[in-house]
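Let's take a walk through this fold together, one piece at a time. Keep the structure open beside you as you read.

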Amino acid sequence: MRHILVTNAKGGCGKSTIATNLAAYYASEGYETTLADYDPQASSLSWLDERPEDKATITGLAAFDDGLRHMPRSTEYLIIDAPARSHGPELTALVNHADTIIVPVLPSPIDMKAGAEFIAELLKKGKIANKKAKVAAVANRVKENTLIFEELDAYLEHLKVPYIAILREAQNYIRAYQRGLGIHELPPYLAWPDWEQWDPLIGWLDSRRSRPR
Ligand SMILES: Nc1ncnc2c1ncn2[C@@H]1O[C@H](COP(=O)(O)OP(=O)(O)O)[C@@H](O)[C@H]1O
Ligand SMILES: [Mg+2]
């Protein structure tokens with residue numbers, strides 16, 4: 001079973017967006033998928049409420065209330081959506097549930113600084129220091145050909161974790177969220193540029209590089 005945590009202390013960087021899209025992707029690939037929402041705001045569970053009945057089933061867990069107790073044993077992919085402001089023991093507990101951790105970062109100076117500090121905090125957690133969990137960054141809501149994009153590129157290169165994808169800012173994410181879908185479930189003519197940007201992320205998750213030894 002894969003345990004994938006999407007986390008960053010900053011709100012609004014795309015944790016729920018990436019978590020719901022990952023859940024939809026793996027479910028639509030035929031895997032038993034569980035989406036555990038640790039955020040009391042429950043954005044992932046609200047998304048799941050909108051999910052059409054004819055789409056691949058995803059089990060939602062109100063993990064902010066009762067953890068992973070009700071997780072189906074048959075789960076193949078567990079996707080964990082973290083709340084904002086996770087630090088200290090709460091963050092350690094979340095990390096202990098994961099073997100792979102994705103940190104979304106927005107291309108703004110404030111978010112990039114906070115993101116680097118958050119990643120530094122993550123890298124000190126015993127589980128990660130001991131290579132029992134792998135971490136990677138994803139740049140999210142990126143507008144290409146902007147000044148900050150160049151800075152973002154240099155910044156990502158210097159992080160002590162790999163950066164595995166750059167996701168653009170696109171209406172598709174908002175459209176998909178409202179309909180309980182992932183971007184991989186939108187029509188290709190709309191979503192192909194986003195599928196291309198997700199390929200390296202999915203490729204990394206499918207590779208050994210994202211798994212602890
Ligand atoms: N790549 C993107 N393109 C456009 N809007 C996005 C993108 N990623 C996230 N958003 C929007 O940004 C807001 C915050 O994203 P969300 O996933 O809820 O962040 P978090 O869970 O980290 O607080 C939401 O309104 C979401 O729809
Ligand atoms: Mg969220």
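## The sheet and its surroundings

Strands β2 and β3 run parallel and are joined by four bridges. Please bear in mind that this is a predicted model. Within that pairing, leucine 35 stands opposite glycine 60 of β3, and alanine 36 has leucine 61 of β3 as its bridge partner. The two strands also belong to a right-handed β-α-β unit, made of β2, helix α2 (residues 43-49) and β3.

β2 has a second partner as well: it pairs with β4 in the parallel sense, over five bridges. Here threonine 33 stands opposite tyrosine 77 of β4.

How enclosed is β2 by the rest of the structure? Five of the five residues of β2 are buried, so the strand is largely enclosed. Its side chains go two ways: Thr33, Leu35 and Asp37 point one way, while Thr34 and Ala36 point the other way, and all are buried.

Stepping back, these strands are part of an open sheet of seven strands with parallel pairing, in the order β3-β2-β4-β1-β5-β6-β7. The edges are β3 (58-61) and β7 (163-168), each of which pairs on one side only. Ignoring direction, neighbouring strands of this sheet are turned by 20° against each other on average. Further along the order, β1 (residues 2-6) and β5 (residues 100-105) pair in the parallel sense over three bridges. Valine 6 has isoleucine 102 in β5 as its bridge partner.

Here are the strand pairs described above, side by side.

| Strand pair | Sense and bridges |
|---|---|
| β2 and β3 | parallel, four bridges |
| β2 and β4 | parallel, five bridges |
| β1 and β5 | parallel, three bridges |

## Helices on the sheet

Now for the helices. Helix α1 lies across β1, β2 (33-37), β3, β4 (77-81), β5 and β6 (134-142), and runs at about 165° to β4. Helix α7 (residues 147-158) also packs on the sheet, where it touches β6 and β7, and its direction makes about 180° with that of β6.

Does the length of α1 suggest what one expects, and what is the distance between its end C-alpha atoms? At 1.5 Å a residue, the 14 residues of α1 (residues 15-28) should span 20 Å, and the end C-alpha atoms are 20 Å apart, which agrees. Of those 14 residues, 13 are buried, so α1 is largely enclosed by the rest of the structure.

After α1 comes glycine 30, which has a positive phi, near 100°. Glutamate 29 sits in the loop between α1 and β2. Glutamate 29 has 13 other C-beta atoms within 10 Å, so it counts as partly exposed. Although glutamate 29 and alanine 56 are 27 residues apart in sequence, their C-alpha atoms are 8.5 Å apart in space.

## Towards the end of the chain

Is serine 210 buried or exposed? This residue lies in the segment after α9 (188-206). Serine 210 has 22 C-beta neighbours inside 10 Å, and a residue with 20 or more is buried, so serine 210 counts as buried. Leaving aside residues up to four places away in sequence, serine 210 touches Thr100, Lys134, Ala136, Trp204 and Leu205. Isoleucine 110, in contrast, is 100 residues from serine 210 in sequence and 27 Å from it in space, C-alpha to C-alpha.

## The chain as a whole

Finally, the overall picture. The chain contains nine helices and seven strands. Its radius of gyration is 16 Å, close to the 17 Å that the globule rule gives for 213 residues, so the chain is as compact as a globular protein of that length. Taken along the principal axes, the C-alpha atoms fill a box of roughly 45 × 40 × 30 Å.

Of the 213 residues, 43% count as buried. Among contacts in the chain with a separation of 6 or more, 77% come from residues 24 or more positions apart.

Key: Residues are numbered from 1 along each chain as its sequence is written. Chains are lettered from A and ligands numbered from 1 in the order in which they are written. This is a predicted model: local features need pLDDT of at least 70, side-chain atom pairs count only at pLDDT 80 or more; totals for chains, interfaces and linings use all residues. The expected span of a helix is 1.5 Å times one less than its number of residues. A residue is buried if 20 or more other C-beta atoms lie within 10 Å of its own, exposed if 12 or fewer, and partly exposed in between; C-beta atoms are placed from the backbone. Two strands pair if DSSP finds at least two bridges between them. Axes are lines fitted to C-alpha atoms, for helices over the stretch in contact, and angles run from 0 to 180 degrees between N-to-C directions. Two residues are in contact if their C-beta atoms, placed from the backbone, lie within 7 Å. A crossover is right-handed if, with the strands pointing away from the viewer, the path from the first strand over the helix to the second runs clockwise. The radius of gyration is taken over C-alpha atoms; the globule rule is 2.2 Å times the number of residues to the power 0.38.
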